[in-house]
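Please open the model in a viewer and keep the selection panel at hand. The tour below proceeds from stop to stop, stating what to select and what is found there.

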Amino acid sequence: MTSTFHGLQTAYKGLMGQQSALKTTGHNIANANTEGYTRQRVNFNASQAYPAPGKNAPSIPGQIGTGVEVESISRVREHFLDAQYREENANAGYWEKKLSSLERVEEIMNEQSETGLLAEAMDEFWGSLHDLSANPDDASAREITAQRGAALADTYNHMAGSLETNKRGVGDEIRTAEQTINGLLTQIHGLNEEIAKVEAQRQIPNDLYDQRDRAVDELSEYINIEVEPENPGAHTHPAAEGGISVYVVDDDGNRLGGDDGIAIVQGENGNQGHLEIDVDINDAEGVVESINFGDEIDLLGDHHGKLGALVDAFGYGEEEGLFKDKITELNDLMSGFAHDFNEVHSDGVDLNGEEGSDAFFEFDDDGVLSVNQNIMDDTDLIAAAQSGNAGDGSNALELANVKETSGFDSTYQSIIGEMAIEVDQARRMNETSDIRRDTIEMNRQSVSSVSLDEEMTNMIQFQHAYNASSRMITVIDEMLDQVINQMGIVGR
C-alpha cells in the first residue's frame, strides 16, 4: 500500500527531471556558437515502481509508478562521422600545405610577370647585346650591356635566394608542427586522465569529451590517425565513453608500429600514456633525416597531413624536396647559359684588340652569379668583335644567339609550365578534399550542433511538463488539506 504522500514524491521527481532538462537546454543554447560543442540531451527513465505489498516482499518491479529519474545527460554525436572527418582532414591538411608551398614557388618564379621575371631580365640583356652589335664601339652600349648582364645575374640570385629563404621557412614550420603535435598529444593524454577520474565517480564529463574531440580533430590535420575507444571500466556509468587510444595509420589504414600497431596515446584504463614525435632536421644538408614516435614508428616519407606536405616540400632522406628541386633546375639552367656565353665571349675580341679571355659571367663558391668585376670596371673588355676592327659587332650577335642555342627560353618556359601544372593539380586536389571534408563536417554538424529552433521547442515542452508537475503538487496539497483539516470535524 502506498503512502498518503506518494503523489507528492512523484510530482517532485517530475519537477526535478524537467528542471534538469531545462538546464541542459539552456546549456545547449548558451553554447550554440561554441566551436566544437556537442549538443546534449537528457535521458529520462521511469523510476522503479513500487513492488508488491508485503512485509518481507523482495524488491522487484511492481505496478505503481513512482515518477521519473534522469538516467544521464549524454552528447548527441556520431563516431562514424568523426572517423570519416578525421581521415579526410588529413588529406585536406596535406593538400592545403602542398598548395601553399607550390604557390610560394610560383610567385617567386613568376614574380609580377606572366612570362617570368628571369625571362624578362634575359630579354633585356638580349636586347642590349643587339644594340651592342650595331654600335660595338659605343661606350654607353657597352655600359648598358654590362648593367643588363648584372641585372640578369641579380634576378637569378634573388630567385635562388628567395627559394632558399622559403625552404628555411618551411623548416621552421616543420619544427612548429612538431611542437603542435606534441602539445596536442599531451593535451589528449591529460584529458584521458581527467575523464577517467570523473568517470570513476559515475559522472559523465561531456564537456571534457568535447575538449578531447577538438584536440583529436586538430591532430588529424597534421598526421593520419585512427581513434579507438577504450572500455571505461566496470564501475563507471553505462553512458561513460571512457578513454581513447590514438594510432598512426598508413595509406591502407594499417596501424604503424608492428602487427597490432603502437598507440601514440594510450587510453586504456589504468595503462594511460603517450609518445612524442621527434623530427630530426639536418640543416647542413637541408633535409629531414628522421621522424619517429619512439623507436617503433617511423613516419619519414609519409604523405599525409600538414606535416607530410611540409616534409615533402623541405626534402627528406634522398629526396631533395620542392624548393631544392627548383633551385637545382634554376642553377642548371643558368650554369649552362653562363658556360655557353663565356665560351662564345672567349672566342671574341674586345675593344682593345685583345681576345676575350675573361669570363663574362662568374659563379662564386656560394653559387652566387655575377658579371666579371674586370668587365664591370672596364666595359672595353666585352668581346663584341670577332676581328680587331673596332666597328665589328659580329661576336655580340653570337653572344645574343646563345639565348637560343643554349635552350634557355625553352628550358625556362618548361620549368614555368611544369610549375603551373603542379599548382593547378594541387589546387584541384585541395578544392576536392575541402569539399569532401566540408560535406562530412556538415553531416556531422547536422547531428551534433545546436539547433536553436529545436532547443526552443524543447524548452516549451519541458516548461509545460514542469508547470504540470507543480500543478500536480498543488492538487495533492489541496487533497491532503481536505483530508487533514476538513475531515473528522462533524459535530464540532
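A residue is called exposed when its relative accessible area is over 50%, buried when that area is under 20%, and partly exposed in between. The model on display is a predicted one.

**Stop 1: the C-terminal segment**

Select Met 487, in the segment that follows helix H11 (452–486). Its relative accessibility is 51%, and because exposed means over 50%, Met 487 counts as exposed. Extend the selection to Val 483 and Ile 484: together with Met 487 they make a nonpolar surface patch of about 300 Å².

**Stop 2: the whole chain**

Now display the full C-alpha trace. Its span along the principal axes is about 150 × 45 × 30 Å. A cartoon representation shows 11 helices and 11 strands. The radius of gyration is 38 Å, whereas the globule rule gives 23 Å for 492 residues, so the chain is more spread out than a compact globule. Of the 492 residues, 43% count as buried.

For a sense of these distances, select His 345 and Gly 273. They are 72 residues apart in sequence, and their C-alpha atoms are 69 Å apart in space. His 345 belongs to helix H7 (residues 321–347); with a relative accessible area of 0%, this histidine is buried.

**Stop 3: strand E7**

Select strand E7, residues 277–282. Two of its residues merit separate inspection.

Ile 281 lies in this strand and is buried, at a relative accessible area of 12%. Add Gly 171 to the selection: although the two positions lie 110 residues apart in chain numbering, the C-alpha atoms of Ile 281 and Gly 171 are separated by 7.8 Å.

Asp 280 is also found in strand E7. Its relative accessibility is 35%, so Asp 280 counts as partly exposed. With Asp 278, Glu 285 and Glu 289, Asp 280 forms a negative surface patch.

**Stop 4: salt bridges across the chain**

Side chains of opposite charge can pair when their charged atoms come close. How many salt bridges does the structure hold? There are 28, and three of the pairs are visited here.

Begin with Asp 213 and Arg 75, whose side chains meet in a salt bridge at 2.8 Å, N to O. The partners come from distant parts of the chain, 138 residues apart: Asp 213 is in helix H5 (residues 206–220) and Arg 75 in strand E2 (residues 68–75). Is Asp 213 buried or exposed? Asp 213 is buried, with a relative accessible area of 8%, and Arg 75 is likewise buried at 8%.

Next, widen the selection around this pair. Asp 213 and Arg 75 belong to a network of salt bridges that also links Arg 77, Asp 82, Arg 86, Asp 210, Asp 217, Glu 241, Glu 441 and Arg 444.

Move on to Glu 221 and Arg 437, where the salt bridge has an N to O distance of 3.9 Å. This pair, too, links distant parts of the chain, 216 residues apart: Glu 221 is in the loop between H5 and strand E3 (225–229), and Arg 437 is in helix H10 (residues 408–448). Glu 221 is buried, with a relative accessible area of 18%, and Arg 437 is buried at 13%.

The third pair is Arg 255 and Glu 228, which meet in a salt bridge at 2.5 Å, N to O. Arg 255 lies in the loop between strand E4 (244–248) and strand E5 (265–266), and Glu 228 lies in strand E3, so the pair ties together parts that are 27 residues apart in sequence. Arg 255 has a relative accessible area of 23% and is partly exposed; Glu 228, at 25%, is partly exposed as well.

**Stop 5: the loop before helix H5**

Finally, select Arg 202, in the loop between helix H4 (139–199) and H5. Which backbone angle deserves attention in Arg 202? Its phi is positive, at about 60 degrees, although Arg 202 is not a glycine. With a relative accessible area of 44%, Arg 202 is partly exposed.

Key: Residues numbered from 1 in each chain as written. Predicted model: local features only at pLDDT ≥ 70, side-chain atom pairs only at ≥ 80, totals over all residues. Heavy atoms only, no water. Patch = residues over 30% accessible without salt bridge, like charges linked within 9 Å, V, L, I, M, F, W, Y side chains within 5 Å. Areas by Shrake-Rupley, 256 points an atom, 1.4 Å probe, with all protein chains shown as cover. Salt bridge = Lys/Arg side-chain N within 4 Å of Asp/Glu carboxyl O. Lys, Arg positive; Asp, Glu negative; His and termini not counted. Charge placed at Lys NZ, Arg CZ, Asp CG, Glu CD. Helix = DSSP H or I, 4+ residues; strand = E, 2+ residues; numbered from the N terminus. Buried < 20%, exposed > 50% of the residue type's maximum accessible area, 1.4 Å probe, protein only. Rg over C-alpha atoms; globule rule 2.2 N^0.38 Å.
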